[in-house]
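Thanks for coming. I have one structure to walk you through, and I will keep it short.

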Amino acid sequence: MKNIVFARVDDRLIHGEVVTAWTPTYSINHIIIIDDIVATDPFQKRVLKALAPTKIRVDAFTVVEGIKELGRDYNEKERVLLLTKSPIVYAKLVEGGIELPQVNLGGMGIRDERKPFIKNVACDEKEIEAIRNIVEKGIHVFYQLVPEQRLIEITNLL
């Protein structure tokens, strides 16, 4: 399995916090985005690759492709930051046999059925259920905008 060192939910995917805070903190050299829409849109993929630091590889996969890709052989030199827009994707990855070190809830904006959950995180009922499922599998889920900020446990909020 790929060496996933950090997994984050963030609507914006690659942006300032990811590039300047999370990537150096975890010595990331490969960003993998799991999103069915982004993975099938060459323009979005090109933009996201342009936003990443020059020496960091960026790939985007659908959920089905992602399960196959993340299941590939472990390489200790590869340090993967996994990004999705929703915890529902992580629940699907876990169902597909992918082991996650943890799931960090980052920016999830209010839209459609989403309601405020904690700080910069808004969730709809399906996303809250996905978080519950991930937690029940023994995966640590927490909120932390940047590494310097205090980590907030979300289990009490479910």
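I will go through the sheet, then the cores, then the charged pairs, and end at the surface.

A caution before the details: this is a predicted model.

Let me start with the sheet. It is an open sheet of seven strands, with mixed pairing, and the order across it is S3-S2-S4-S1-S5-S8-S9. At the edges are strand S3, residues 57-61, and strand S9, residues 152-153, each of which pairs on one side only.

Now some of the pairings inside that order. Strand S2, residues 30-34, runs parallel to strand S4, residues 80-84, and four bridges join the two. Within this pairing, His30 is opposite Val80 in S4. S4 is also parallel to S1, through five bridges, and there Phe6 faces Leu81 of S4. S1 pairs with strand S5, residues 103-105, again in the parallel sense, over two bridges. Here Arg8 sits opposite Asn104 in S5.

How many residues of strand S1 are buried? Six of the six, residues 4-9, so the strand is largely enclosed by the rest of the structure.

One residue of S4 is worth a stop. Thr84 lies in that strand, and it counts as buried because its relative accessibility is 0%, where the cut-off is under 20%. Leaving out residues up to four places away in sequence, Thr84 touches Arg8, Val9, Asp10, Leu13, Ile34, Val89 and Tyr90.

Next, the cores. In soluble globular proteins, nonpolar side chains tend to be buried together. In this model, the largest nonpolar core has 34 residues, and those with the most contacts inside it are Ile34, Leu82, Tyr90, Leu100, Val103 and Leu105. Helix H5, residues 87-95, gives the most to this core, with five residues. Take Leu100 as an example: setting aside neighbours within four places in sequence, Leu100 contacts Ile4, Leu82, Tyr90, Val94 and Ile139. Apart from this core lies another one, of 19 residues, including Ile14, Trp22, Val38 and Ala52.

On to the charged pairs. Side chains of opposite charge can pair when their charged atoms come close. The model has 13 salt bridges, and I will show three of them.

The first on my list joins Arg8 and Glu17, at 3.2 Å from N to O. Both Arg8 and Glu17 are buried.

Then there is Asp11 with Arg111, at 3.4 Å from N to O. This pair links distant parts of the chain, 100 residues apart: Asp11 is in the loop between S1 and helix H1, and Arg111 is in the loop between S5 and strand S6. Asp11 is partly exposed, with a relative accessible area of 22%, and Arg111 is partly exposed too, at 40%.

The last pair is Arg57 and Asp59, at 2.8 Å from N to O. Arg57 is partly exposed at 45%, whereas Asp59, at 14%, counts as buried. Beyond single pairs, salt bridges that share partners join Asp11, Arg111, Asp112, Arg114 and Glu127 into one network.

Finally, the surface. Which residues form a nonpolar patch there? They are Phe43, Val47 and Leu51, with about 270 Å² of accessible area together. Phe43 belongs to helix H3, residues 42-51. Phe43 is classed as exposed because its relative accessible area is 51%, and the cut-off is over 50%.

That is the end of the tour.

Definitions and conventions:
Residues numbered from 1 in each chain as written. Predicted model: local features only at pLDDT ≥ 70, side-chain atom pairs only at ≥ 80, totals over all residues. Heavy atoms only, no water. Patch = residues over 30% accessible without salt bridge, like charges linked within 9 Å, V, L, I, M, F, W, Y side chains within 5 Å. Areas by Shrake-Rupley, 256 points an atom, 1.4 Å probe, with all protein chains shown as cover. Salt bridge = Lys/Arg side-chain N within 4 Å of Asp/Glu carboxyl O. Buried < 20%, exposed > 50% of the residue type's maximum accessible area, 1.4 Å probe, protein only. Core = buried A, V, L, I, M, F, W, Y, C linked by side-chain atoms within 4.5 Å. Contact = heavy atoms within 4.5 Å. Pairing = 2+ DSSP bridges.
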